[in-house]
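Work through these exercises on charged side chains and burial. Try each task before you read its solution.

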Amino acid sequence: MKQIRYIIIFILVLGCENSKASKASENLNSEETFNVNSKISTEITRLDEAQAIKLAELPLHCINIEYPNRLSQTLGGDDDLRPPTELHPAFYGCFDWHSSVHGHWSLVSLLKSFPNIKHSDDIKQRLLHNISKENIEAEVAYFHGKHNTSYERTYGWAWLLKLAEELHTWDDDTARLLENNLQPLTDLIVDKYITFLPKLNYPQRVGTHTNTAFGLSFAYDYATTVNHEALQHAIKERAMYFYKNDTGCPITWEPSGSDFLSPCLEEAALMKRLLPTDDYKIWLDTFLPQLKNKNFNIEVGVVSDRTDGHLVHLDGVNFSRAWNLFKIAQDLPEYKHLKSVANQHINYSLPSIFGDDYMGGHWLGSFAIYALNSSSL
């Protein structure tokens, strides 16, 4: 009988402790006691030259750093086991191919905005050395390999076209050389999009590299900038098939633990590009009706360890949310309050990317630049 009494007492005590722990957890996550956003400024952060110099240091530090490196390749034989500088002579640095591509985009974007930025001539020479005619021919050859046809689909493809777009809109003699050198790879990626999209029956609604809406948005920006009608048509046709009838996106489920994109906001920003304004407002009102609420807010992605290559993705989700919120609010006065939410996301993550661990430093500068550039929309 004593043993039974002890067991009953133990169960009761354990139940009380579990109840207290559960209550503590509820309190920790309640809006009243755990609202990170309330401590973050909503002030607009503008990209000035001093900040541009600091941001340029991030890709300059990594575009010619070969190791560590994540090749993400399929090996067809011993001949494929070669150093990154041989496999990808243009885009071997910054840990992986896509980060190298958007690291180069970062430097082009900064030079375009600040032509006299510190070390501008050296930066141009670095770009010309990497994006040479011969190096791009080797990059094209890699994509023609038997096991490489889907390499970097579609995240790396999207950033390659964003780089091509930035070069096309940069009024500079260096830009013309770089654009011409890059053109064979640009044309190849455009052809890959046009071939692939009709085969894609279902979109990828994830918060990482393969997110379909992200890949379509950047590709559509390039297509409209250079007036590539076939690519525009392919993107619009597939996007309407995927997204036109979507309603009630569960944005409160976001972010997942290693997201750097918002599935809901990526889709909303893509449809902003594609639909006429009146049609878009109707669509958005059914897809994310809460955005119209003047008090709408969403907590920033909180990073617990910036030395962890996956956990630091959440700084990326803050920047990408920001650029999408700016896009959604563009020319829509009833959504201008979203700009304050975007500013909070930038202001939370921006101070942490300088002097940060390489796991974040090799790519986050590009996300920060794109978000800051988008604040002027």
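**Exercise 1: a buried charge**

Glu139 is buried (under 20% relative accessible area; exposed is over 50%, partly exposed in between; 1.4 Å probe, protein chains only), yet Glu139 has no salt bridge (a side-chain nitrogen of Lys or Arg within 4 Å of a carboxyl oxygen of Asp or Glu). The nearest side chain of opposite charge, Arg82, is 10 Å away; here Lys and Arg count as positive and Asp and Glu as negative, while His and the chain ends are not counted.

This is a predicted model, with residues numbered from 1 along each chain as its sequence is written. Local features need pLDDT of at least 70, side-chain atom pairs count only at pLDDT 80 or more, totals for chains, interfaces and linings use all residues, and side-chain values use heavy atoms, with hydrogens and water left out.

Task: Find the helix that holds Glu139, and list what Glu139 touches.

Solution:
- Step 1. Locate the residue. Glu139 lies in helix α6, residues 133–143. Helices are DSSP runs of H or I, at least four residues, numbered from the N terminus.
- Step 2. List the contacts (heavy atoms within 4.5 Å). Leave out residues up to four places away in sequence. Glu139 then touches His88, Pro89, Ala90, Phe91, Trp97 and Leu185.

**Exercise 2: pairs that do form**

Task: Which parts does the salt bridge between Lys112 and Glu166 tie together?

Solution:
- Step 1. Recall the principle. Side chains of opposite charge can pair when their charged atoms come close.
- Step 2. Check the distance. Lys112 and Glu166 meet at 3.3 Å, N to O.
- Step 3. Place both ends. Lys112 lies in helix α4 (residues 97–113) and Glu166 in helix α7 (residues 155–168), so the pair ties together parts that are 54 residues apart in sequence.
- Step 4. Check burial. Lys112 is partly exposed, at 31% relative accessible area. Glu166 counts as buried, at 11%.

**Exercise 3: buried pairs and a network**

Task: Are Asp315 and Arg306 buried or exposed? Then name the members of a salt-bridge network.

Solution:
- Step 1. Take the pair. The closest N and O atoms of Asp315 and Arg306 are 2.6 Å apart, and the two form a salt bridge. Both residues are buried.
- Step 2. Add another pair. Lys124 and Asp172 form a salt bridge at 3.2 Å, N to O. Both are buried.
- Step 3. Name the network. Salt bridges link Lys162, Glu165, Asp221 and Arg273.
- Step 4. Give the total. The count comes to 12 salt bridges.

Technical notes: Helix = DSSP H or I, 4+ residues; strand = E, 2+ residues; numbered from the N terminus.
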